[in-house]
Amino acid sequence: MKIIRIFGRSFKDAFRSFFRNFSLSLASVSCSAITLIIVAIAILFSFNVNNITANIEDVLTIVVFVNRDATDEQTTSLGNQIYSMDNVDTEKSKFNTKDEIKESLSNDESIKSVLDTLDENPLQSTYVIKVKDVSKISETAEEIKGFENVTSVKYGESLVNKLISMFDVIRNACYVAVILLIVVTAFLIANTIKITIFSRRQEINIMRLVGTSNTVIKMPFLIEGLLLGIVGAILPVLLTIFGYTFFYDYVGGSLFTQLVILVEPATIVYKTSIVLVLVGGIVGMFGSLNAVRKYLKI
């Protein structure tokens, strides 16, 4: 019962202090909200980048053109070299003979008529390679180019490199912004707690004189920091749930092309919201703890 009374009184004091220093509390909450909005964007972006990368991996291939003069043994040997590479998904990769390719093109009458006029099939057999890690596709393609009996390798390198570079830049920018804003938020919350401690210095001195434990004195300030962080998470949580759902519905679940498919809201918005509340509470507690240690001297 004593513990319950202590917690109850601490929560009451924390709420009273929150409204007593409302302007500074509002600044701390606002900064916390801005930070958590950026955190939400970073999390949602990371989820979608992973999803887009998975979709790219499903459709992106390296097409290896085999030398027309290569024998069956040489072609098989080339295939064994390719399939032994760490980044090659052997189960999803396949080999197409030039005759199979010619047959697949026979549905186009214009192409079929041209091929029929030739005495020899001019097409090249190909290995269509799926990779495990799309970020390493360039290295994989370059290594394959050096194999014997390979005439050329195609994989849409310009598009892939641009996409990967763009995703990396945006993701890193989000991380830097989040770290900086978390530091600023913790600083503002620490200042809020410091002013609260200063305004209650006489009460704290009396509590010390009557033998009140340090834990009881500290508790309201720690709860206030937690409160500031959690209140700051309310707006980001609402924006995450309703904002992302609206955006997903507005763009029809994809951006620009069916290759860039977004993650469904139900899959990520609630997980992200839980993370935001946890981050808000932890940042608030950290800022409060820092102020208590530095200014309460107990």
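A helix here is a DSSP run of at least four residues, numbered from the N terminus. Helix α2, which spans residues 22-59, fits that description and holds Leu26. All of what follows comes from a predicted model, so it's worth keeping that in mind while looking at the structure above.

Leu26 makes a handy starting point. With a relative accessible area of 45%, this residue is partly exposed, since that value falls between the 20% and 50% cut-offs. Leu26 also joins Phe19 and Phe22 in a nonpolar surface patch of about 320 Å². Far along the chain sits Val231, a residue of helix α9 (residues 214-250). Val231 is partly exposed too, at a relative accessible area of 27%. Although their positions lie 205 residues apart in the chain count, the C-alpha atoms of Val231 and Leu26 are separated by 9.7 Å.

Now for the inside. Nonpolar side chains in soluble globular proteins tend to be buried together. In this model, the largest nonpolar core is made of 20 residues, and Ile62, Val64, Ile82 and Ile144 have the most contacts inside it. Two or more residues each come from β1 (62-66), α3 (72-83), β3 (126-129), α6 and β4, so strands and helices both chip in. Ile82 gives a feel for how this works: setting aside neighbours within four places in sequence, Ile82 is in contact with Val64, Val88, Tyr127, Ile129, Ile144 and Phe147. There is also a second, separate core of 18 residues, with Ala40, Ala42, Ile43 and Leu262 among them.

Strand β3 deserves a closer look. Both of its faces are covered: Thr126 and Val128 are buried on one side, and Tyr127 and Ile129 are buried on the other. As for partners, β3 pairs with β1 in the antiparallel sense, over 4 bridges. Strand β2 (residues 94-96) also runs antiparallel to β3, and 3 bridges join the two. Val128 shows both pairings at once, with Val63 standing opposite Val128 and Lys94 standing opposite Val128 as well.

Helix α6 brings in some charge. A search of the whole structure turns up 1 salt bridge. Glu142 forms a salt bridge with Lys145, and their closest N and O atoms are 3.2 Å apart. The two residues are 3 places apart in helix α6, so about one helical turn separates them. Neither partner is buried, because Glu142 has a relative accessible area of 46% and counts as partly exposed, while Lys145, at 37% relative accessibility, is partly exposed too.

Right after that helix comes a slightly odd residue. Asn149 lies in the loop between α6 (137-145) and β4 (150-154). Despite being in a loop, Asn149 counts as buried, because its relative accessibility is 16% and the cut-off is under 20%. Leaving out neighbours within four places in sequence, its contacts are Phe65, Val66, Asn67, Ala70, Gln74 and Leu78. The backbone is where the oddity shows up. Most residues other than glycine have a negative phi. Asn149 isn't glycine, yet its phi is positive, near 70°.

Definitions and conventions: Residues numbered from 1 in each chain as written. Predicted model: local features only at pLDDT ≥ 70, side-chain atom pairs only at ≥ 80, totals over all residues. Heavy atoms only, no water. Buried < 20%, exposed > 50% of the residue type's maximum accessible area, 1.4 Å probe, protein only. Contact = heavy atoms within 4.5 Å. Patch = residues over 30% accessible without salt bridge, like charges linked within 9 Å, V, L, I, M, F, W, Y side chains within 5 Å. Areas by Shrake-Rupley, 256 points an atom, 1.4 Å probe, with all protein chains shown as cover. Salt bridge = Lys/Arg side-chain N within 4 Å of Asp/Glu carboxyl O. Core = buried A, V, L, I, M, F, W, Y, C linked by side-chain atoms within 4.5 Å. Pairing = 2+ DSSP bridges.
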